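Student: Could you take me through one part of this model slowly? I'd like a close look at a single chain and how it sits with its partners.

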Amino acid sequence: MRRAADAGLVVVLLSAVAASLLFAGPAASPGEALAALAGGGPPEVRTIVFDLRLPRLALALVVGASLALAGAALQALLSNPLADPFLLGISGGGAAAATAAYVVLPAAALGLVPAAAMAGAALATGLVWWLARGPLGPSGTRMILAGVAVNAAASAAILTMLALAPSPRLPGVIAVTMGSLASANPGQVAWLTPYILVPGFVLLLHGRDLGLLATGEESAAALGVEVATVRRRVFLAAAALCGGAVAFAGVIGFVGLVTPHVCRLLWGQSTRRLLPRAALAGAALTALGDLVARRALAPAELPVGVVTALLGVPFFVALLRRAP
Amino acid sequence: MSPAAATGAGGNVALLRATSLSGGYGEADVVREVDLVVSAGECVALLGPNGAGKSTLLRLLAGILPASGGGVELRGRPLAQWRRREIARVVGLVPQHVNFAFPVTVAEVVEQGRAPHLGAWRPAAPRDHAAVAEALRRVGLAGREASGVQRLSGGERQLVLLARALASQPELLLLDEPIAALDIRHQLEFAEILGELVRGGVGAVLVAHDWNFALRLAHRLVVLHHGRVHATGAPPDVLRPELFRAVFGVEVDTLPRGAGPPLFAPRRVAPEEAGRDGKG
Amino acid sequence: MIDQIGSPVPGGPVRRLVALAPDVTELAFAVGAGGLVVAVGEAADFPPAATRLPHVAPGDAEAIVALRPDLVLATTAGNDPRLIGRLRDLGIRVCTVDVTSFARLVAACRLAGEVVGQPARGERLAREVEERTARASERARTLPLERAIFVVWWDPLIVAAPGTFHDDMLRRSRLENLAPAAAGRYPRVDPELLLDARLAVIVAPDEPDLRAGFARLTASPFGARLAAGTPRVIWLPADLADRPGPRLPAALEALVTARVAGEAGSGIRDQGSGAGMAVATPRAQRRPR
């Protein structure tokens, strides 16, 4: 059954890639897009496929993989099925900083917004860590509570910025707070892809440890996990992945929450087995979500965070109802 | 303060030796200057009232709580010199309660017990599957691999946790009130399984509230009171009505049974004596 | 060439033009490049030839690329700067106008002419705009100075601040803008500004949404004074007054005319009807030559 699921994952991923390149809009038909991929086709179609669709797809894949991987790791680390970077305030912190930068910076300096987002995510991470510390170091429960607090603060900051934003900046602010892949460009992808390699590797390295941590810190320690070290590394790696995602795509909620659960249904609980598959599934789901965002109400474009929320909420409700 | 507890039962090699061990969770120490030795094939029961520090001591012995004073030696080497994974290959912990946040099967839980032998990347080999199967057999859960743990009864869940600890093929088991939530039948089953293991050469430190249960298995008792060792030794030497009065604050009746240790039945709360602390 | 937001616009022939907003659409037609326009932004309604052109949705970079434009005309009055940036990154020539005053409108006319390869036409358009503006300002010179605001939205109350072309219209009609200065181009302000004793005139674009908002406002107790005519409201044709294109001087003329009529005490305080006060008729439209 697991083999079939692996094959299914590859098929879904390849379909998402193909659909995003071929069926993303009326400006280039599937036939024209295919011709462009094969090396031919008129120059404007080549521009559309290689300079618009391909970077956007690449960004969707990288961001989706980052969020799903971080979500799966955090759920195991905190022994909590509801953990995800969104709920822990990391996305919120990044979005608040990005929004503030959008509102305040002069037009020439708007290239600094992603840097602000990463700084905001890092700050939120530090804040959550600091708020969650207890006599034995930060515990899972305290982290979730701290995340709620940081999220509340970030939301307040974002609302303030929204109220003060001059109207030309509003679309940019909306893109950050609701998640959007529309501004993808090759430079962003070139930066983000190597960036996620280190934190991604750290999470994969601790896959087995995370599986043990999911049954509690005491059990994990007794089974050989250096709990304090792993907790610190995993949290920082997840935060780094999330910061990168928010910096270039804004807040895309529910991918980090929902993807690991779907994967668990297909591949079981072993976190070590789950993490790489969650990353691939997150990539595919985000690419498909972005496609829906572009086509559902064409020519208007929905922010991709809206699509993931609309799809994620019924899933979330189903999850809550299933819980023992 | 405590009588010398340096030698193990029957002169076996000491697996674990605690010397003047102190530790706690914050500022104050919960456990104070405890000496304790466990050998292979020996079961030591930790008894004491609530708050005496039994669970804390167990965590200190497992090395998952850092000691503030004194030390623990495992196989003759100080615990601080061991790496976590190395300790986990020798010592198995059966915690009192595990919260399963995600739906897991029995097999998945017991497989976790192989983690100390596997490291970060190595997938499970036939040897690991065999260890898991053997652990399940010993606790009587062979054939239940695919059951969801959340659907099991408390007793069965405790057996799963024991199987997980056994899957790592430890030399020493640390059990934290394993029968606290079990009905009488599962209590006896657990006691039988544990007894078999100890007779087979595994050492055990057992934290128990129920002294009658402890008496079925323990070669030696260590009674903690306010974090210190109040008494230690073979059961008949340690469990006397005076001890029950002094440590637990109850009056007991001693009911002899043929072969084997007597039954201690509580009669009533002991009357307060001038100058004595409250219980626990 | 450098456009009005400071970005370089490479030179070259222009055979296919995309105009992303109504003001630059009108500009393109007015400098004689109407025949080169292959698509316009959604709200283009003038000149009539523009209404027959295909529309391109705002933000749809793919559609713009598919049109193979040699030049894209954009404006800060309504186009997303991120889209403009993305089009530049894709190697498309973009010229952005930033009309925050009549002087900059004149410069925009010259810029448009140069960039489409019709510098003479651009120069002529610039001078026409300059002259009409000067004549209208001159007519207003003898008017008493009154305090006013330019309302962009009633609820919440959003007004035009100093540094916008709306503000320039007010100033050239001898109206002092009461909007706050350092809070952005179109700040949201306290509705109590409507009750300010100094406020004598409110100028607003005549558009169904704004008419409806005004009706709601005057129906409420807060708007009682306004309903009674203090301060008085001058409605300007929205397609002229809200669009910093080559017909903007017509809006200025309409505003000045309304003030003159008001000063003449003709008692025209008709704020309820669609005809309103001083609606400049579409006779003022420029015919492309």
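Tutor: Sure, and let's begin with a term: two residues are in contact if their C-beta atoms, placed from the backbone, lie within 7 Å. What you see is a predicted model, where local features need pLDDT of at least 70, side-chain atom pairs count only at pLDDT 80 or more, and totals for chains, interfaces and linings use all residues. Residues are numbered from 1 along each chain as its sequence is written, while chains are lettered from A and ligands numbered from 1 in the order in which they are written.

Now for chain A. In chain A, residues 24 or more positions apart make up 75% of the contacts with a separation of 6 or more. Chain A has 14 helices and 0 strands; helices here are DSSP runs of H or I with at least four residues, strands are runs of E with at least two, and both are numbered from the N terminus. Its radius of gyration is 20 Å, close to the 20 Å that the globule rule gives for 324 residues, so chain A is as compact as a globular protein of that length. That radius is taken over C-alpha atoms, and the rule is 2.2 Å times the number of residues to the power 0.38. Along its principal axes, the C-alpha trace of chain A spans about 65 × 50 × 35 Å.

And the partners? Of the 2 pairs of chains that touch, A and B have the most contacts. Chains B and C share no contact, and their closest C-alpha atoms lie 43 Å apart. Where chain C meets chain A, 19 residues come from chain C and 19 residues from chain A. On the chain C side, α3(C) gives the largest share, 5 residues.
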